[in-house]
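What follows is a walk through one predicted model. Please keep the sequence and the structure in view while reading.

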Amino acid sequence: MKKFKFSLDKLKSFKEQIKKREENTLAALRAEQLEKLHEKEELLKELDRRNAEFVRKSAAGMTAMEMVTEKGFISYILDSIKAKDKEISVLSARINKQLMVVTEASREVQTLEKLEEKQFDEYKFKERKADEAFIEEYVGNRRHYGN
């Protein structure tokens, strides 16, 4: 009997490539989100530092111009944090959408793997039947020819 070959092997290979590409896209989105979260953390640290510096300078006495400048820096940092939050939110939505794409691609590959398994089981069954038929014929021939 000839060697087993899955009839949809090329399609399965193609679907696996798609799944891998979508998983890589998801990983890239997650890495980008982590980077944005890190940037936000740095901005929060800078905000704390600027606030502490503002309190220190206020206690020591500062001019109105220095106060406006310090408040401007703090305001800029707060705006940057809000922008990072928005970027993170957008990335979260993209990640959730991409996760659904990866899930669907995985489902398609699993379906093809189950079909391959079923075809392989059928192949094994036919192979066993062919072996049994060969053995029966061999035994029958030995009896018939007396060897």
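Phe4, Phe120 and Tyr123 form one aromatic cluster. A search of the whole structure finds four aromatic pairs. One of them joins Phe4 and Phe120, whose rings meet edge-to-face, with 5.1 Å from centre to centre and 80° between the planes. Phe4 belongs to the segment before helix H1 (9-60) and Phe120 to helix H2 (residues 64-145), so this pair ties together parts of the chain that are 116 residues apart in sequence. The rings of Phe4 and Tyr123 also pair, with their centres 5.4 Å apart and their planes at 55°. That pair is tilted because an angle of 55° is neither under 30 degrees, as stacking requires, nor over 60, as edge-to-face requires. Tyr123 is again in helix H2, while Phe4 is in the segment before H1, so the pair ties together parts that are 119 residues apart in sequence.

The members of this cluster can also be described by their accessibility. Phe4 counts as partly exposed, at 23% relative accessibility. Phe120 is likewise partly exposed, at 34%. Tyr123 has a relative accessible area of 15% and is buried; the limit for that class is 20%.

Leu8, Leu11, Phe14 and Leu115 make a nonpolar surface patch of about 310 Å². Of these residues, Leu11 has its place in helix H1. Its relative accessible area is 36%, so Leu11 is partly exposed.

The next stop is a set of contacts made by Gln98, a residue of helix H2. Is Gln98 buried or exposed? With a relative accessible area of 11%, Gln98 is buried. Leaving aside neighbours within four places in sequence, Gln98 is in contact with Glu22, Thr25, Leu26 and Leu29. Glu22, one of these contacts, is itself buried, with a relative accessible area of 14%. Glu22 also forms a salt bridge with Arg21, in which the closest N and O atoms are 3.6 Å apart.

Lys36 offers another view of the contacts made from helix H1, where this residue lies. At 15% relative accessibility, Lys36 counts as buried. Which residues does Lys36 touch, not counting those up to four places away in sequence? They are Lys84, Glu87, Ile88 and Leu91. A separation of another kind is that between Lys36 and Tyr145: the two are 109 residues apart in sequence, and their C-alpha atoms are 83 Å apart in space.

Charged side chains come next. The count of salt bridges comes to 19. Among them is the one between Glu70 and Arg50, with 3.8 Å between the closest N and O atoms. This pair links distant parts of the chain, since Glu70 is in helix H2 and Arg50 in helix H1, 20 residues apart. Both Glu70 and Arg50 are buried. Arg50 has a further partner in Phe73: the charged end of Arg50 sits over the ring of Phe73, 4.2 Å from its centre.

Another salt bridge joins the side chains of Glu104 and Arg107, at 2.7 Å from N to O. Here both residues lie in helix H2, three residues apart, which is about one turn of the helix. Glu104 counts as partly exposed, at 34% relative accessibility. Arg107, at 43% relative accessibility, counts as partly exposed too. Elsewhere, salt bridges that share partners join Glu46, Arg49, Arg50, Glu53, Lys57 and Glu70 into one network. The bridge between Glu70 and Arg50 described above has both of its residues in this network.

One further residue of helix H2 is Ser75. Ser75 has a relative accessible area of 35% and is partly exposed. How far apart are the C-alpha atoms of Ser75 and Leu47? They are separated by 9.2 Å, although the two residues are 28 residues apart along the chain.

To recapitulate, the segment before H1 is tied to helix H2 through the pair of Phe4 and Phe120 and through that of Phe4 and Tyr123. Helices H1 and H2 are linked by the salt bridge of Glu70 and Arg50, two residues that are both buried.

How values were computed:
Residues are numbered from 1 along each chain as its sequence is written. This is a predicted model: local features need pLDDT of at least 70, side-chain atom pairs count only at pLDDT 80 or more; totals for chains, interfaces and linings use all residues. Side-chain values use heavy atoms; hydrogens and water are left out. Rings of Phe, Tyr and Trp (its six-membered ring) pair if their centres lie within 6.5 Å; planes under 30 degrees apart count as stacked, over 60 as edge-to-face and the rest as tilted. Helices (H or I, at least four residues) and strands (E, at least two) are DSSP runs, numbered from the N terminus. Buried means under 20% relative accessible area, exposed over 50%, partly exposed in between (1.4 Å probe, protein chains only). A charge sits over a ring if NZ of Lys or CZ of Arg is within 6 Å of the ring centre and within 35 degrees of the ring normal. Patches are made of residues with over 30% relative accessible area and no salt bridge: like charges are joined within 9 Å, nonpolar side chains (Val, Leu, Ile, Met, Phe, Trp, Tyr) within 5 Å. Accessible areas come from the Shrake-Rupley method with a 1.4 Å probe; for residues, only the protein chains shown count as cover. A salt bridge is a side-chain nitrogen of Lys or Arg within 4 Å of a carboxyl oxygen of Asp or Glu. Contact means heavy atoms within 4.5 Å.
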